[in-house]
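Reader: I should like to learn how a model of this kind is to be read, beginning with its confidence. Where does one start?

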Amino acid sequence: MFQLAHRQQPIKSLVGASLPLLHELAERARQSCHLSIFQNGRVVVIAQVDSPERWSFGLKIGVVMGLTDTSSGHVLLAYQDEIERTRMLSSHIRVEGELNMDPGQLFALLKEVRVKGYASMPSIQIDGITNIAFPVRSIGGRVVAAINVPHIARIDGTPRPDIEQIKEIMGNVCTRLSARIGFDPYWVEPA
């Protein structure tokens, strides 16, 4: 699936546009990060950059993950219209270990993501990780991808950006990536 996805020009273009900004994000945040999309019923990691620190936690390129129980999945679902969200949920192929999510709870989470502008939650797979995901928008404002930082807190007192500072950096990086792939915040769809 990963090889097939990377033969498609739109995905290759998205990865090419994102990699310099993902490297910048990893350097500034001192954390790993990855870019994911929804494709063929799954959330797929299409680009990943390791932390510049001595240790790193990240997902491998090509890995599939949950749609309903991850911050990336929440971002990808939250910004779709009702028809597209329903299509995504009905075509979704569950991954091993994906938790069942009560639809009412899921829709409340998605509403919260839209209000805040991002998703942030403790990992449900790995203890000690806080996942932070922001949307990447394309032409017409459509959310086409999510950038996620699996935040690892240092406890030794070494200065590094905290979660709030990382959110600010991520917001800036996602805004710039969105502009690179055609998003214009001032564009209004013709009536």
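Author: One starts with pLDDT, the predictor's confidence in each residue, on a scale from 0 to 100. This is a predicted model, and the chain averages a pLDDT of 89, with 93% of the residues scoring at least 70. Over residues 1-7, however, the pLDDT is below 50, although this stretch has 14 contacts in the model beyond near neighbours in sequence.

Reader: How should such a stretch be treated?

Author: Where pLDDT is low, the predicted coordinates should not be read in detail.

Reader: In what order do the helices and strands follow one another along the chain?

Author: The chain holds 6 helices and 6 strands. From the beginning of the sequence to its end, their pattern is α-α-β-β-β-α-α-α-β-β-β-α.

Reader: What does the radius of gyration say about the overall form of the chain?

Author: The value is set against the one expected for a compact globule, which for 191 residues would be near 16 Å; the chain has 16 Å, so the two agree. Along the principal axes, the C-alpha atoms fill a box of roughly 55 × 35 × 35 Å.

Reader: What share of the contacts joins residues at least 24 apart?

Author: One considers contacts between residues at least 6 apart in sequence; of these, 60% join residues at least 24 apart.

Reader: How are burial and surface to be read?

Author: A residue is called buried when its relative accessible area is under 20%. In this chain, buried residues make up 47% of the 191 residues. The accessible surface comes to about 10,100 Å², and carbon and sulfur atoms account for 55% of that surface.

Reader: Which residues of α3 are buried?

Author: Helix α3 spans residues 71-78, and 8 of its 8 residues are buried, so the helix is largely enclosed by the rest of the structure. The buried residues are Ser 71, Ser 72, Gly 73, His 74, Val 75, Leu 76, Leu 77 and Ala 78.

Reader: Is Ile 129 buried or exposed?

Author: The cut-off of under 20% decides the matter: Ile 129 has a relative accessible area of 7% and is therefore buried. This residue is found in strand β5, which covers residues 129-137. Leaving aside residues up to four places away in sequence, Ile 129 touches Phe 57, Met 121, Pro 122, Ser 123, Pro 150, His 151 and Ile 152.

Reader: How far apart are Ile 129 and Arg 42?

Author: Ile 129 and Arg 42 are separated by 87 residues in sequence and by 22 Å in space, C-alpha to C-alpha.

Reader: How are the charges placed?

Author: One compares the mean positions of the two kinds of charge; for the 20 positive and 19 negative charges of the chain, these lie 5 Å apart.

Key:
Residues are numbered from 1 along each chain as its sequence is written. This is a predicted model: local features need pLDDT of at least 70, side-chain atom pairs count only at pLDDT 80 or more; totals for chains, interfaces and linings use all residues. Side-chain values use heavy atoms; hydrogens and water are left out. Helices (H or I, at least four residues) and strands (E, at least two) are DSSP runs, numbered from the N terminus. The radius of gyration is taken over C-alpha atoms; the globule rule is 2.2 Å times the number of residues to the power 0.38. Buried means under 20% relative accessible area, exposed over 50%, partly exposed in between (1.4 Å probe, protein chains only). Contact means heavy atoms within 4.5 Å. Accessible areas come from the Shrake-Rupley method with a 1.4 Å probe; for residues, only the protein chains shown count as cover. Lys and Arg count as positive and Asp and Glu as negative; His and the chain ends are not counted. The place of a charge is taken as NZ of Lys, CZ of Arg, CG of Asp or CD of Glu.
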